[in-house]
Amino acid sequence: MGFDPNFVKYKFRDLRVYSSTEWLADNKKKYRQVFDRYNTRYVYAELSLYNKLFDQEDWDIEVELCCYSVKKGKKEVCILPFKRKVSKYDPIFYIREGWGNQKEGLFWKKGTYYWEARVDGQKVASKYFYIEDANKDVKEGKEPYMTIKSLKLYEGSYDDISEEERKYYKVFDKDDTKYIYIEAIFQNMNLGKNWYCELFTKFYNNARELKGQVVRLQRIEKDDKEIQISAGWGSNVKGSWRADQYTAELIFMDKVLAVIPFEVADEFVEGHAGVVLPSKLTPTIINTIDDGSTFEEVMRNLDNLIGLKAIKEKVRDHAKYIQFLQLRKEKGFKENEEINVHSVFIGNPGTGKTTVAQMMGKLYKKMGLLSKGHVHEVDRVDLVGEYIGQTAPKVKEAIDKARGGVLFIDEAYSLARSNDDSKDFGREVIEILVKELSNGEGDMAVIVAGYPKEMKHFLDSNPGLKSRFKLFFEFADYLPQELSQIADFAAQQKGVRLTVESKDKIDELIIEAYRNRDRTFGNARFVFDVIEQAKINLGLRIMANENPRELEEETLEIIELKDVKKIQIKPKKELPRIPIDGDLLEVALAELNSLIGMQSVKDQINELVRLVKFYRDTSKNVLNNFYLHTVFIGNPGTGKTTVARILTKIYKALGVLERGHMEETDRQGLVAGFVGQTAIKTAEKIEEAMGGVLFIDEAYALTSTGNHAHGDFGNEAIQTLLKRMEDRRGEFFVFVAGYPDNMENFLKANPGLKSRFDKILKFEDYTPDELREIALQMFNKENMKVTEEAKEYLGRYLEFLYDYRDKYFGNARTVRNIVTEAIKNQNLRLARLDEKKRTAKNINLLTIEDLSTFKMDKDGFIFNKKTIGFKNKSSSQQGGK
């Protein structure tokens, strides 16, 4: 045969990963992709190629096996080059090599890696593998990753079937079975970490012949309490399973988790197959079955909850009424409507909403209204897609998971933007919910939860939504005495005991937090956090002993007063000590003093600088004595923004600002278009200003009363701002600016506003002489020389504008417009001149002719406002409203 230079002598077959060097039948290894770091010495790659010159000739090949880590970008672990001779007697050619260390747990760390294979310099394949770390040795006997909660068998097709359609069997029909699936539910023992689970499911017949194998690689999120995996084997053609005794084995990290014996016979037999665990010799039934509690036992558990007296009574009354309707139905009465089990839970965080939802799920199951009674909890993130077409599948998935139980939607109000916003995907969620509640499959209760005002807006956002929810439960904040009981319960849950003194101190913390609470108060969550912090302080105190292991067991569980005293409800952040930058301060003050007019503002700022320098020189805490948040009041064009920038630079020079930048924004930058998102948007803008100044122009717009909904959102921004100004005191300053009347209303709109701003800078309108000076300064910057005659006319024209000014007068902005117009007139005048008449002398000369468009005639005003009236130059300015 002739030689073809493009002929490739091999064909890629596979690239696989393993760690055990043990040989299996048919030249195989124990291939897998997930390894525990403490059980791993080397990780190997196996590259297999088909020999296209099999039985013809030997040939040479150059191969590189390269390993990379992808934890922080692509990082090389190793590159292993090979030069091998491929024998003509080998139809398949293998190269196996690995990397690591002889000692387990020494080389490989938690992370994502991959092997890459190159042949003759060309990449042919790559294969990912994962090293996991549960901080425990898998061989210890305990399961550090997951433990079995439930194992069941069911029949289905190639595409699997939903949970609602599944029927569980222990015997399968040989003539009517396609695929046999295992539904495996595990408890995640590796909480707090994202990790990969690789589960092998192997099906064997009675002769121990492998019928089939399925591998499931699944990413487990750090908050996933349960892991659910389904895996099946079979054929879409019925009859592929013969009558026999079979076993299904679950293998994880080369270790058998469970063996499930089952039978294929003449007909289906419903039930749960027994499971053989490695630690047991006989099969055991493992599945999530009914807890066996009666209706009254569930009610007693509800009554045992701390507080919630009104909620308990309402739930019991609701349950009795359902029993009454069921009794009527038994007696032959017909009801026009189905029993309504959909509820609205209103209340602050930590008031027991989720706990009560779980109780109601169990109650509804006991009363025959739900088939399972579980609770599937979701929020906006779980339901709303990022792009068109993504939302509906997410909502359907949530409904499918909740079917038979309760769909609990926390912060449901976030699904509803303002009523005039039709572009939000949250509306699509609401529409699907309404459709499901109207004519869906049923067997599901929906509970929506959130703050009172926001939930009213949510229910009003869709005409069909409000009519579907007939039950309203209002969860009040726990009282201090109830929170004290919760503290005792939390201590019991966390395995610690409180001394009398430490309990008294915790009660003091609870009362203080209760008095200062707002709607974000955590209630029971707050108390659990306090006990957790006290337990941490106990642990730190114990471990500070020279020999903590010699202490009595009782000492390890008693929280003392000193442990509670160290708890910081609001930890204080130490601010950086930055020395005064004299050069920058000199430059900033020179820039301030060079501004025209505003002498009162300059005097206040210079006085403040002297005071701050004094406090710094005498080692007094500036930020504990001043807020330094400032209000800038003045008409347009009076220099508010310019001075704000200079003042920011001064604060930076004085060392009271860490970064010294100014983040400028207005209402649009703080207020969002739907409930619940304004606080997030405002918080993000504040974070951008940290270490500097947040400058809010036209801040009065946040308290606008023209639109009630928008006013509410603006108030949400103010509340967020006030809280951050207090919580992050000294870490950033807020400057607010606006017109005099509006800013007065702004400061009166919230009692906390005026007390936070300890400095008010009032910017008066510029005088005619100052306006003239500003104009000449602007002309000078444009390299324009103004004739004396033009200067005199300009001064008279500005005086005329000043006399007839109103609250909309633009001050320096008006001057800027005049200067721009005059220069344009000068340019047009020169453009009309013959080119020879344009000289170096007149090219930059502005004459009175260039000011001819500026007439001192009040009838020429575009808008004749009520504030413009006839008056003498000596008369005081009058205003009309």
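Let me start with a pair of strands: β9 and strand β11, which covers residues 179-188, run antiparallel to each other and are joined over 10 bridges. One of the links between them can be named, since Ser 150 has Ile 185 in β11 as its bridge partner. I should say at once that what we are looking at is a predicted model, and that the values I quote are computed from it.

These two strands belong to an open sheet of 3 strands, ordered β9-β11-β14, in which the pairing is antiparallel. At the edges sit β9, residues 146-156, and β14, residues 226-234, each of which pairs on one side only. If direction is ignored, neighbouring strands of this sheet are turned against each other by 20 degrees on average.

Let me now step back to the chain as a whole. Its secondary structure amounts to 24 helices and 31 strands. The radius of gyration is 38 Å, well over the 29 Å that the globule rule gives for 881 residues, and the chain is therefore more spread out than a compact globule. Along the principal axes, the C-alpha atoms fill a box of roughly 115 × 95 × 70 Å. Of the 881 residues, 45% are buried, and when we take the contacts in the chain with a separation of 6 or more, 72% of them are between residues 24 or more positions apart.

I turn next to the aromatic residues, where a search of the whole structure finds 43 pairs. Take Phe 632 and Phe 735 as one example: their ring centres are 5.1 Å apart and their planes meet at 50 degrees, so this pair counts as tilted. The two residues come from distant parts of the chain, with Phe 632 in strand β25, residues 630-634, and Phe 735 in strand β28, residues 733-738, a separation of 103 residues. Are these two residues buried or exposed? Both Phe 632 and Phe 735 are buried.

Elsewhere, ring pairs join Tyr 169, Phe 172, Phe 203, Trp 241, Tyr 246, Phe 262 and Phe 268 into a cluster. Trp 241, a member of that cluster, also has a charged partner, as Lys 211 lies over its face at 4.9 Å from the ring centre. A further arrangement of this kind involves Arg 208, whose charged end sits over the ring of Tyr 204, 4.0 Å from the centre of that ring.

I would like to finish with three individual residues. Ser 69 is placed in strand β4, residues 59-69. With a relative accessible area of 11%, and with the cut-off for buried set at under 20%, Ser 69 counts as buried. Apart from its neighbours within four places in sequence, Ser 69 is in contact with Lys 74, Lys 75, Val 77, Thr 112 and Tyr 113.

The other two residues are in loops, and I mention them for their backbone angles. Asn 523 lies in the loop between α10, residues 500-515, and α11, residues 524-543; its phi is near 50 degrees, a positive value in a residue other than glycine. The relative accessible area of Asn 523 is 0%, so this residue is buried. Met 598, for its part, is found in the loop between α13, residues 582-593, and α14, residues 599-617, and its phi is near 45 degrees, again a positive value in a residue that is not glycine. At 13% relative accessibility, Met 598 counts as buried.

Key. Residues numbered from 1 in each chain as written. Predicted model: local features only at pLDDT ≥ 70, side-chain atom pairs only at ≥ 80, totals over all residues. Heavy atoms only, no water. Phe/Tyr/Trp six-rings, centres within 6.5 Å; stacked < 30°, edge-to-face > 60°. Helix = DSSP H or I, 4+ residues; strand = E, 2+ residues; numbered from the N terminus. Buried < 20%, exposed > 50% of the residue type's maximum accessible area, 1.4 Å probe, protein only. Lys NZ or Arg CZ within 6 Å of the ring centre and 35° of its normal. Pairing = 2+ DSSP bridges. Axes fitted to C-alpha atoms, helices over the stretch in contact; angles between N-to-C directions. Rg over C-alpha atoms; globule rule 2.2 N^0.38 Å. Contact = heavy atoms within 4.5 Å.
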